[in-house]
Amino acid sequence: MNPFQKNESKETLFSPVSTEEVPPRPSSPPKKPSPKICGSKYPLSIAFIVVNEFCERFSYYGMKAVLTLYFLYFLHWNENTSTSIYHAFSSLCYFTPILGAAIADSWLGKFKVLSLVGLSLIALGTGGIKPCVAAFGGDQFEEIHAEERTRYFSVFYLSINAGSLISTFVTPMLRGDVQCFGEDCYALAFGVPGLLMVVALVVFAMGSKMYKKPPPEGNIVAQVFKCIWFALSNRFKNRSRDIPKRQHWLDWAAEKYLKQLITDVKALTRVLFLYIPLPMFWALLDQQGSRWTLQATKMNGNLGFFVLQPDQMQVLNPFLVLVFIPLFDLVIYRLISKCGINFSSLRKMAVGMILACLAFAVAAAVEIKINRMAPPQPGPQEIFLQVLNLANDEVKVTVLGNENNSLLVESIKSFQKPPLYSKLHLKTKSQDFHFHLKYHNFSVYTEHSVKEKNWYTLIIREHGKSISSMMVKDEDKTTNGMTALRFINTLHKDVNISMGTDISFHVGEDYGVSAYRIVQRGEYPAVHCRTEDKDFSLNLGLLDFGAAYLFVITNSTNHGLQAWKMEDIPANKMSIAWQLPQYALVTAGEVMFSVTGLEFSYSQAPSSMKSVLQAAWLLTVAVGNIIVLVVAQFSGLVQWAEFILFSCLLLVVCLIFSIMSYYYVPVKPEDIQGPADKHIPHIQGDMINLETKKTKL
């Protein structure tokens with residue numbers, strides 16, 4: 001055709017022009033409707049995703065449930081170090097989703113990251129799974145089922161907490177009720193969650209053919225950063241007043257990047273700005289597995305009908321989540337809606353923060369009560385001393401200082417249980433004390449060395465017609481919630497004592513003293529003992545939470561061989577049930593904050609950046625754990641004051657978040673649809689982006 005031929009005026013639409021040849025797209029056959037669950041509008045593939053998430057979360061939370069006590073009891077780290085390492089691990093697990101999101105969006109897609117990366121490597125597995133699985137489940141729904149997709153996030157969160165509920169109940173039992181190598185069986189507690197990861201892989205792979213698998217759309221994470229960087233640098237280069245201003249600072253990237261990408265990044269940055277205050281909430285929530293578990297070790301887990309281990313108390317959180325999610329969705333939110341109150345997602349999240357503040361205020365009150373009931377600790381240039389009279393009659397004890405001044409004068413009957421340790425002050429960090437012991441008509445003078453900040457027991461024993469004494473340095477007078485015991489053997493033969501599988505004592509003859517050993521809380525009516533020529537049993541009675549016991553093995557003419565029992569450290573008196581209010585408050589806050597935040601993140605994310613925004617949401621969890629790590633290592637506060645500090649910080653953050661959310665305008669679903677959804681051709685390479693216009697030829 002002659003290009004200069006005169007034609008009538010027509011309306012022509014320009015199409016994007018590319019320097020590369022674009023092959024014609026084959027016509028796609030009509031899509032078959034995906035199978036549904038029991039005639040509902042939920043895709044069948046969702047069942048496999050939810051079951052996979054249940055198994056994966058069982059593994060993750062099962063391991064985390066015993067992790068703090070593993071550091072404390074098995075590796076013998078102190079409380080601050082155990083807390084720091086626990087939160088460092090949690091932070092790493094929630095930081096790696098950024099890497100997982102980049103791989104998912106640019107290389108393998110959400111499906112392959114879940115199956116290949118996430119379930120093959122535990123360390124990077126959480127990073128591969130977390131940013132993808134929630135968004136991948138949302139991808140299974142058609143747009144006409146948006147309401148069902150919103151409810152899916154509640155079902156998804158239910159599956160997480162169902163796995164967490166069972167694992168946090170079972171794995172502490174595997175740890176405490178089974179003995180491995182003479183100690184708690186951490187190998188089994190970690191091994192069973194590992195096995196569930198294999199089950200998760202199998203279940204997820206079974207639904208492979210049913211999944212809708214959106215293809216990767218390029219390195220979205222890199223594109224986002226490049227777009228933002230170009231917009232900032234371009235704006236800086238063109239800061240002259242003669243250059244007209246643009247409506248949004250990201251519009252300065254229009255010279256290089258597609259309009260759709262810029263629009264998507266705008267939506268992304270608006271949500272990311274709201275995420276800035278969120279880490280503080282996670283800093284509080286994740287302390288259930290660290291600080292709150294350590295608090296539970298100082299409490300009595302006997303509930304009458306059941307005995308809870310300290311790390312089993314965490315089971316309250318997933319249990320209450322399973323109760324609260326339907327309660328909030330079906331009752332509370334509907335009642336609020338009927339009252340005409342616009343309870344938006346951001347308002348729910350703000351209320352969730354307030355509930356977490358209250359939970360930590362309650363935790364601080366519980367900690368103060370525990371401290372009042374705990375035995376005092378010796379300070380600098382102080383020791384605590386108790387005198388144990390194992391002679392046959394009363395002994396008068398006088399403790400003399402360096403200047404022969406009397407520091408303690410006490411008459412102690414035979415086998416009298418000392419009510420309390422006596423506090424003695426030292427002149428220096430270590431000092432020699434002189435003891436004057438008066439027994440019948442005998443006077444015995446002896447000398448013993450002591451060091452500050454320690455506990456000591458002066459044991460008085462028969463020595464022919466007279467008496468002698470020995471000073472025993474007691475171990476750290478904190479049992480971290482465990483049950484400890486030791487033995488003194490008054491017999492003339494060595495005694496071997498078996499407390500069960502791989503737990504035994506060897507106590508030397510003639511007032512030999514064993515070291516403390518940790519045993520399980522419970523009744524011990526018949527403990528097997530053996531000398532070189534005789535077997536016998538001892539009734540030790542109830543060994544309770546947090547107590548340290550001393551048993552003196554004696555041979556009485558009337559009663560035979562028996563054990564005289566004394567508490568070095570009294571058992572925990574405060575019931576672990578006092579933690580219930582703080583768990584209820586923080587779990588209600590979690591349901592309002594986390595479940596809502598998951599759905600909010602998905603709904604506000606452009607279709608090309610679902611995984612990126614999910615990863616950013618999880619990154620706030622990582623930052624929250626880093627906050628706990630820093631405070632635990634450097635604050636130097638007592639525990640109740642640390643709880644108050646976190647509560648006040650979150651309250652301030654909640655006010656900031658409320659102001660930010662007041663000015664946030666939620667994005668409507670039709671405003672964030674990707675190019676495919678708006679029937680815009682997919683543009684790659686060197687294609688020129690031209691706006692559609694009506695042109696006269």
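A charge is taken to sit over a ring if NZ of Lys or CZ of Arg is within 6 Å of the ring centre and within 35 degrees of the ring normal. The exercises below apply this and related criteria to a predicted model.

**Exercise 1. Charges over rings**

Task: State which aromatic residues have Arg 246 and Lys 348 over their rings.

Solution.
- Step 1. Arg 246 lies over the face of Trp 252, at 4.3 Å from the ring centre.
- Step 2. Tyr 333 has the charged end of Lys 348 over its ring, 3.9 Å from the centre.

**Exercise 2. Aromatic pairs**

Task: Classify the pair formed by Trp 292 and Tyr 583, and locate its two members in the chain.

Solution.
- Step 1. A pair of aromatic rings is described by the distance of the centres and the angle of the planes.
- Step 2. Ring centres must lie within 6.5 Å, and planes over 60 degrees apart count as edge-to-face. The model has 22 aromatic pairs by this rule.
- Step 3. For Trp 292 and Tyr 583 the centres are 5.1 Å apart and the planes make 70 degrees, so the pair is edge-to-face.
- Step 4. Trp 292 belongs to helix α10 (residues 291-296) and Tyr 583 to helix α13 (residues 580-604); the pair thus links distant parts of the chain, 291 residues apart.
- Step 5. Trp 292 counts as buried because its relative accessibility is 0%, and Tyr 583 is likewise buried at 0%.

Task: Repeat the analysis for Phe 384 and Trp 455.

Solution.
- Step 1. Phe 384 and Trp 455 pair edge-to-face, with 4.8 Å from centre to centre and 85 degrees between the planes.
- Step 2. This pair also links distant parts of the chain: Phe 384 is in strand β4 (residues 382-389) and Trp 455 in strand β10 (residues 454-463), 71 residues apart.
- Step 3. Phe 384 is buried, given its relative accessibility of 5%; Trp 455 is buried at 6%.

Task: Which residues form one aromatic cluster?

Solution. The cluster consists of Tyr 275, Phe 281, Trp 282, Phe 593 and Trp 617.

**Exercise 3. Packing of two helices**

Task: Describe how α12 and α13 are oriented and what residue classes make up their contact.

Solution.
- Step 1. Helix α12 (residues 345-373) packs with α13 at an angle of about 155 degrees, and their axes are 7 Å apart.
- Step 2. Angles over 145 degrees count as roughly antiparallel; α12 and α13 are therefore roughly antiparallel to each other.
- Step 3. The crossing of α12 with α13 is left-handed.
- Step 4. The contact of α12 with α13 comprises 18 nonpolar, six polar and two charged residues.

**Exercise 4. Contacts across the sequence**

Task: Examine Ala 283 and Asp 264, each with its partner remote in sequence.

Solution.
- Step 1. Ala 283, in helix α9 (residues 279-285), is buried at 0% relative accessibility. Its C-alpha lies 8.0 Å from that of Val 623, 340 residues away in sequence.
- Step 2. Asp 264, in helix α8 (residues 259-275), is buried with a relative accessible area of 5%. The C-alpha atoms of Asp 264 and Ala 605 are 7.9 Å apart, with their positions 341 residues apart along the chain.

**Exercise 5. Positive phi values**

Task: Is Asp 510 buried or partly exposed, and where does this residue lie?

Solution.
- Step 1. Asp 510 lies in the loop between β14 (503-507) and β15 (512-513), and its phi is near 50 degrees, a positive value in a residue other than glycine.
- Step 2. With a relative accessible area of 35%, Asp 510 is partly exposed.
- Step 3. Tyr 511 is placed in the loop between β14 and β15, with a positive phi near 70 degrees. Tyr 511 is buried, its relative accessible area being 14%.

Notes: Residues numbered from 1 in each chain as written. Predicted model: local features only at pLDDT ≥ 70, side-chain atom pairs only at ≥ 80, totals over all residues. Heavy atoms only, no water. Phe/Tyr/Trp six-rings, centres within 6.5 Å; stacked < 30°, edge-to-face > 60°. Helix = DSSP H or I, 4+ residues; strand = E, 2+ residues; numbered from the N terminus. Buried < 20%, exposed > 50% of the residue type's maximum accessible area, 1.4 Å probe, protein only. Axes fitted to C-alpha atoms, helices over the stretch in contact; angles between N-to-C directions. Parallel < 35°, antiparallel > 145°, perpendicular 65-115°, else oblique. Left-handed = near helix turned anticlockwise from the far one by under 90°. Nonpolar A, V, L, I, M, F, W, Y, C, P; charged D, E, K, R; others polar.
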